Amino acid sequence: MTIETILQNYLTQPKLELGDRKEYAGASDVAQCPRKVVLTKTQPVEIDLPTLLRFERGNMVERIVENALSYAGVSFEKQIEVVHPEHENLIGHLDFVFFRQDEIAVLETKSVSRMPDIPHTSWIEQIHFQMGLMALNDTRKVRGAILAVDLSSGRFELFDNFLPNKALFNGLVQKALHIWQAVNGDVEPDTEEGPLCVGCAYQENCPEFVGQDVVELPIKREVEDYLALKENLKIMKAEIDGLKNFINKAVKPFGEARVGEHLIKLSSSSRTGLDTKALREAYPDIYEQFKKTSHFTRLYVK
Ligand code: SF4
């Protein structure tokens, strides 16, 4: 068995604590595009290994938090299932719940690759759905928090002090009921375009994009961030080049110099390359015989 198969088999194991996701509309469902959620439940597609590995980071964050809470002696319950009292197919699975005498605190954990300044709308909707369900099932005061962890950089952020909001929760319940009706084929699911359209397995034939001459993508913030970072890179490169020239000039008379704990040396090196233009003109046959074509994609943002 190959390592790919071993990993794929392990990572595609269903999360038993979440039950059969086709049988209910959950808190993470209400935070997403209804069409995507419905098709994921009714027409699932195979998820590739890199995506499964990325998803696994969410479980790793959960495990770290669980072990840390246990080690600290904090009392908590994990993966609590909360059902809407009037709609048995609306169910929330809460990562961590802290039951206290007069209060219940809900903690949702998130793995991120880029820490947002403010919690994503989908996270806020998810925690509100969870808190709302909990408030319907218990008379104690409910509050919520989201812990986002970037496992690559080690950065983490706690977004705290969420309180139940009836109007927001009722809207989410309506969305969950709509998803559930669409899962059962009673209505067509609504579409909700957003950054998660990128990589959506159901983009083909999606009414949001069909019939547009040039597709309008909902990734304005990402494109603007990209352009801003590119601009910063240009400025940084100019600064690095300026400093490099200055240091070069300072060290040149001595060949090498010490600056605090740094030893700076100038050394000469040479690189030999091929003048392909001259080669093509002088020996076109040899050039044709040994030329190599590689393909790449260039990104233009105007
Ligand atoms: S492409 Fe976007 S709008 Fe269409 S189903 Fe996927 S997430 Fe929803």
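Which elements cover the buried residues of α6? The cover includes β1 (25-26), α2, α3, β3 and α5.

## Model and domains

This is a predicted model, in which local features need pLDDT of at least 70, side-chain atom pairs count only at pLDDT 80 or more, and totals for chains, interfaces and linings use all residues. Residue numbers start from 1 along each chain as its sequence is written.

The domain assignment of the protein chain (automatic or from a database) gives domain 1 (3-211) and domain 2 (219-264). Their C-alpha centres are 42 Å apart.

## Helix α6

Helices are DSSP runs of H or I with at least four residues, strands are runs of E with at least two, and both are numbered from the N terminus. The 18 residues of α6 should span 26 Å at 1.5 Å a residue (1.5 Å times one less than the number of residues); the end C-alpha atoms are 25 Å apart, which agrees.

Among the buried residues of α6 (20 or more other C-beta atoms within 10 Å of their own, C-beta atoms being placed from the backbone) are F169, L172, K175, A176, I179 and W180. Just after α6, G185 has a positive phi of about 80°.

## Nonpolar core

The largest nonpolar core (buried Ala, Val, Leu, Ile, Met, Phe, Trp, Tyr and Cys residues joined through C-beta atoms within 7 Å) has 40 residues, and A25, V30, V106, M134, A176 and I179 have the most contacts inside it. α6 gives the most to this core, with 8 residues.

Beyond its neighbours within four places in sequence, A25 is in contact (C-beta atoms, placed from the backbone, within 7 Å) with V30, N89, L90, A176, I179 and W180.

How values were computed
Buried ≥ 20, exposed ≤ 12 C-beta atoms within 10 Å, placed from the backbone. Contact = placed C-beta atoms within 7 Å.
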